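Hi,

Here is the structure I said I would pass on. Have a look at it first, and then read my notes underneath.

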Amino acid sequence: MSSKDESIEDDLISLAAVGDRDARRQIYEAFAGRVYRTVQRIVGESDAADVTQDAFVHLFDKLPSFRHESAFTTWLHRLVVNEALQHLRKQGRRVMKTQPLPQQVVAANDRTSIASDLGEMLNLAMERIEPELRLIFQLKEVDKLSYAQIGEIVGIPEGTVGSRLNRARRELRDHLVTLGWEP
Amino acid sequence: MTMNCNTVRDQLSAYMDGELTDETAAQVQQHLAGCESCSHELALFEQLCMLVHAHVEPSTQPPAWELISQKLNDSALAAGIASTDLWNRGLAPVRSRNWKTLTGAIVALAATILLVANVMIPKREDQQSMNQASMAAVNLQPVLERFQGDAFSAINALKSQFTFQDIALADADADFGRPTYVSTAAQTHTLPGDATVASTKTFSFAFCKCPKGQCLCGPGGCQCVACVCERPDGSTYLVLEHCKSQTVSFGDLPIQLVKRGGRDVQQVTIDGTETISFDRTSGKITVVGLRGESEIETLLASM
């Protein structure tokens, strides 16, 4: 998201803040994919569309209070992450961590199957780590944010971002190996 | 200072992500050079990153804008009803016990009227606001779709939306109240693609969002100067110039918001040609039909 950071126009934000539908649409189209992906990683695919919609409605509602004290994308990301985490709290669950392992774990000696299912294996492994770790991992690896930005969004010191990324990466690696990944 | 394995492993992600100071990174690197175990862990982290980057895109699409738009409408309407509830509570105090019943009936009647009015009024205001926003947004999707290499054809899409007049470029400058970009660039031979000005029109906007008396698009109202520029090979592009209060929209076309030459630029690529739109100090400029990066760079460099 950092590439968009400098590119969203102040005029566009100002217009969207006062209800200009076209400006809101432009902002939505610029960020919907990234927001959806972030939400999807936190709440899972089945609720991602609803939470994304709620997040954008909330975002446009709060836009007049955006004071440019942080980059727009950082502000947007923080709001979206809060919306998604709030959704999880409402659901009263620790997300998909308790889901059982699928029966069709890829055979470790079947290189073709492993290669074709790597994406699925990664999704399964991602679902098995703590939502907070998954979120930080996603903000780093998918959204390419710096530790400072991640710390601001999640509300933790930069040093803690590093230690949680260590945990996330080790847990992901272990789950992937269990699922048949051969690094 | 020599680091041990535990210290290095605590720093491993920060090292891989380039988040350490040079001094600390050098210490980690020194340890890794002599420690097979920590090097193996780092290699696994790096392979994990490659795996994620290769499978990062979700298979599904985000919800359509229309769904968000509908929710925003519902949200605005709900806000109108909520304010009615506050009104009801604010009308509660009465002066005496004797008046209570009668006043209560009047209040109930008034509240009912307010309830009906308040539900209706926000809808009308919202509609009015939407209409004004819509009028102030110049939708260029039809222009881009009709362009197909011919700016003369593209400009016809604007003719159907706004009143216009054919005009000499010098007269357009006078009407506009300041030299246009095209006029200045034509004089200095810095138009992209070594183009010359083939045609100039002014379009009148029905609605302007500039504060009263502050519109920079001429004393005669809010205007857009549209110039067709022709390259030596006969191909054309279209330059539109107007005040910043007129928002440019590209309808359903995919837009990139990019930083170029220190400016925030909206960029649309369609049929192999580029359209860019950006603000300058004196107004907004949109150019439809540029050929590639070099013409974009020429345009931005001449601002």
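Below is what I found, starting with confidence and then moving on to contacts, a helix pair and two loop residues.

Keep in mind that this is a predicted model. Chain A has an average pLDDT of 79, and 82% of its residues reach at least 70. Within chain A, helix α10 (residues 158–178) has the highest mean pLDDT of the elements, at 92, while helix α1 (residues 2–5) has the lowest, at 40. Two stretches of chain A deserve some caution. Residues 1–6 of chain A have a pLDDT below 50, and that stretch makes 13 contacts in the model beyond near neighbours in sequence. The pLDDT is also below 50 over residues 93–116 of chain A, where the model has 24 contacts beyond near neighbours in sequence. Where pLDDT is low, the predicted coordinates shouldn't be read in detail.

Next, how the two chains meet. On the chain B side, 39 residues are in contact with 45 residues of chain A. The elements of chain B that each supply at least two residues to this side are α1 (5–16), α3 (36–54), α4 (65–90), α5 (97–136), β6 (247–249) and β7 (256–260). Sorted by class, the side of chain B that touches chain A has 22 nonpolar, 9 polar and 8 charged residues.

Inside chain A, take a look at helix α3 (residues 21–43) and helix α5 (residues 72–91): their axes come within 10 Å and cross at roughly 30 degrees. The crossing of α3(A) past α5(A) is right-handed. From α3(A), the contact uses A:F31, A:V35, A:T38, A:V39, A:I42 and A:V43. Facing them from α5(A) are A:L76, A:V80, A:V81, A:A84, A:L85, A:H87 and A:L88. That contact has 11 nonpolar residues, 2 polar ones and no charged ones.

Finally, two residues in chain B with backbone angles to check. Most residues other than glycine have a negative phi. B:Q148 is not a glycine, yet its phi is positive, at about 40 degrees. You'll find B:Q148 in the loop between α6 (141–147) and α7 (151–159) of chain B. Is B:Q148 buried or exposed? B:Q148 counts as exposed because it has 12 C-beta neighbours inside 10 Å, and 12 or fewer is the cut-off for exposed.

B:H189 also has a positive phi, about 55 degrees, without being a glycine. Its loop runs between α9 (181–187) and β3 (196–204) of chain B. B:H189 has 9 C-beta neighbours inside 10 Å, so B:H189 counts as exposed.

Cheers

Technical notes. Residues numbered from 1 in each chain as written. Chains lettered and ligands numbered in written order. Predicted model: local features only at pLDDT ≥ 70, side-chain atom pairs only at ≥ 80, totals over all residues. pLDDT = per-residue confidence, 0-100. Helix = DSSP H or I, 4+ residues; strand = E, 2+ residues; numbered from the N terminus. Contact = placed C-beta atoms within 7 Å. Nonpolar A, V, L, I, M, F, W, Y, C, P; charged D, E, K, R; others polar. Buried ≥ 20, exposed ≤ 12 C-beta atoms within 10 Å, placed from the backbone. Axes fitted to C-alpha atoms, helices over the stretch in contact; angles between N-to-C directions. Left-handed = near helix turned anticlockwise from the far one by under 90°.
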